[in-house]
Amino acid sequence: MSERINIGNNAFILPEPQTILGTMLDGKANFMALAWITRLNYEPCMMGIAVNPRNASHRAIRETGQFSVNVPDVDMVAATDYVGLASGKRTDKSSLFDVHFGKLESAPLIRTCPLSMEFTLADSLDLPTNTLFIGELVAAWTEERYLTDGCVDIVKARPFTLTMPDNRYWAVGEQVGRAWHDGKALHTGKSGK
Ligand SMILES: Cc1cc2nc3c(=O)[nH]c(=O)nc-3n(C[C@H](O)[C@H](O)[C@H](O)COP(=O)(O)O)c2cc1C
């Protein structure tokens, strides 16, 4: 049997979804790379994002109470990385993307992203180095060409992921199974619930 190795007390989920956070900073659209995001609640749809207070986006969310999360495709790797390197404190990132607005006035949406979601701030929790902002989804935007049977299709959307701490971006590979389905083969008797 192979030996299990303890690699320390600092680890990351493998992989992390790579997104772009959109906010309105002093009246202008601002964007930053955001990988620390997760769905938190089913009904209503709520998601949590972890933002470092040093980022200008942090102040923008506090001031406006709104933000967007945009899922870029593999053609947007460099632009996504760039908004993770440059800060809105010193750099005007407002004209980098083709921006549109949905229902909220302070949640700029990126038109070239296969999926864009706009949120109102529902709650927040200040942790030692990051703030967990909890957003409630107001609307999610896509295009017909990204849909299969009404769902955003990962093959058509071509998102990419991030691994840390080696800091590499990855395209998504092939489908390996079906959720809430493949496990049924292991049921010996009645439902395990
Ligand atoms: C790949 C990548 C992922 C990142 N993910 C996050 C994140 O989840 N949370 C965060 O606070 N900063 C994250 N950052 C750092 C911010 O994107 C970066 O500090 C950015 O310049 C902040 O821009 P702003 O000051 O205009 O808000 C990430 C950076 C990169 C390159």
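In what follows, Ala, Val, Leu, Ile, Met, Phe, Trp, Tyr, Cys and Pro count as nonpolar, Asp, Glu, Lys and Arg as charged, and the others, Gly among them, as polar. The structure is a predicted model.

By these classes, the lining of the second largest pocket divides into 14 nonpolar residues, four polar and one charged. The space in this pocket comes to about 530 Å³. Its lining consists of 19 residues, and the closest to the pocket centre are Pro17, Val71, Leu115, Met117 and Pro159. Several elements each supply at least two residues of this lining: strand S4 (37-41), strand S6 (66-71), strand S9 (115-126), helix H3 (154-157) and strand S13 (160-163). The largest share comes from S4, with three residues.

The largest pocket holds about 630 Å³ of space. It is lined by 27 residues, of which Met32, Ala33, Leu34, Asn55 and Gly84 are the closest to its centre. Two or more lining residues come from each of strand S3 (28-34), strand S5 (46-51) and helix H1 (56-64). S3 gives the most, four residues. Sorted by class, the lining of the largest pocket has 14 nonpolar, ten polar and three charged residues.

Strand S6, one of the elements that line the second largest pocket, deserves a separate look. How many of the residues of S6 are buried? Six of the six are, so the strand is largely enclosed by the rest of the structure. The cut-off behind this statement is a relative accessible area under 20%. In a regular strand the side chains alternate between the two faces of the sheet. In S6, Gln66, Ser68 and Asn70 lie on one side and Phe67, Val69 and Val71 on the other, and both faces are covered.

Which strands pair with S6? Strand S2 (residues 19-25) pairs with S6 in the antiparallel sense over three bridges. S9 also runs antiparallel to S6, and six bridges join the two. Val69 of S6 appears in both pairings: Leu21 stands opposite Val69, and in S9 the bridge partner of Val69 is Met117. Met117 is also among the residues closest to the centre of the second largest pocket.

The aromatic rings give another view of the contact between S6 and S9. There are four aromatic pairs in the structure. In one of them, the ring centres of Phe67 and Phe119 are 5.1 Å apart and the ring planes are at 20°; the pair is therefore stacked, since planes under 30 degrees apart count as such. Phe67 belongs to strand S6 and Phe119 to strand S9, so this pair links distant parts of the chain, 52 residues apart. Both residues are buried: Phe67 has 1% relative accessibility, and Phe119 has a relative accessible area of 0%.

A further pair is formed by Phe160 and Tyr169, whose ring centres are 5.4 Å apart. Why is this pair edge-to-face? The ring planes stand at 90°, and planes over 60 degrees apart count as edge-to-face. Here the two partners fall into separate accessibility classes. Phe160 is buried, with a relative accessible area of 2%, whereas Tyr169, at 28% relative accessibility, counts as partly exposed.

Conventions. Residues are numbered from 1 along each chain as its sequence is written. This is a predicted model: local features need pLDDT of at least 70, side-chain atom pairs count only at pLDDT 80 or more; totals for chains, interfaces and linings use all residues. Side-chain values use heavy atoms; hydrogens and water are left out. On a 1 Å grid over the protein atoms alone, a cavity is a set of points where a 1.4 Å probe fits but cannot get out, and a pocket is an open set with protein on both sides within 12 Å along at least five of seven lines; lining residues have an atom within 4 Å of a point. Grid points are joined across faces, edges and corners, and a volume is the space filled by probe spheres set on the points. Buried means under 20% relative accessible area, exposed over 50%, partly exposed in between (1.4 Å probe, protein chains only). Two strands pair if DSSP finds at least two bridges between them. Rings of Phe, Tyr and Trp (its six-membered ring) pair if their centres lie within 6.5 Å; planes under 30 degrees apart count as stacked, over 60 as edge-to-face and the rest as tilted.
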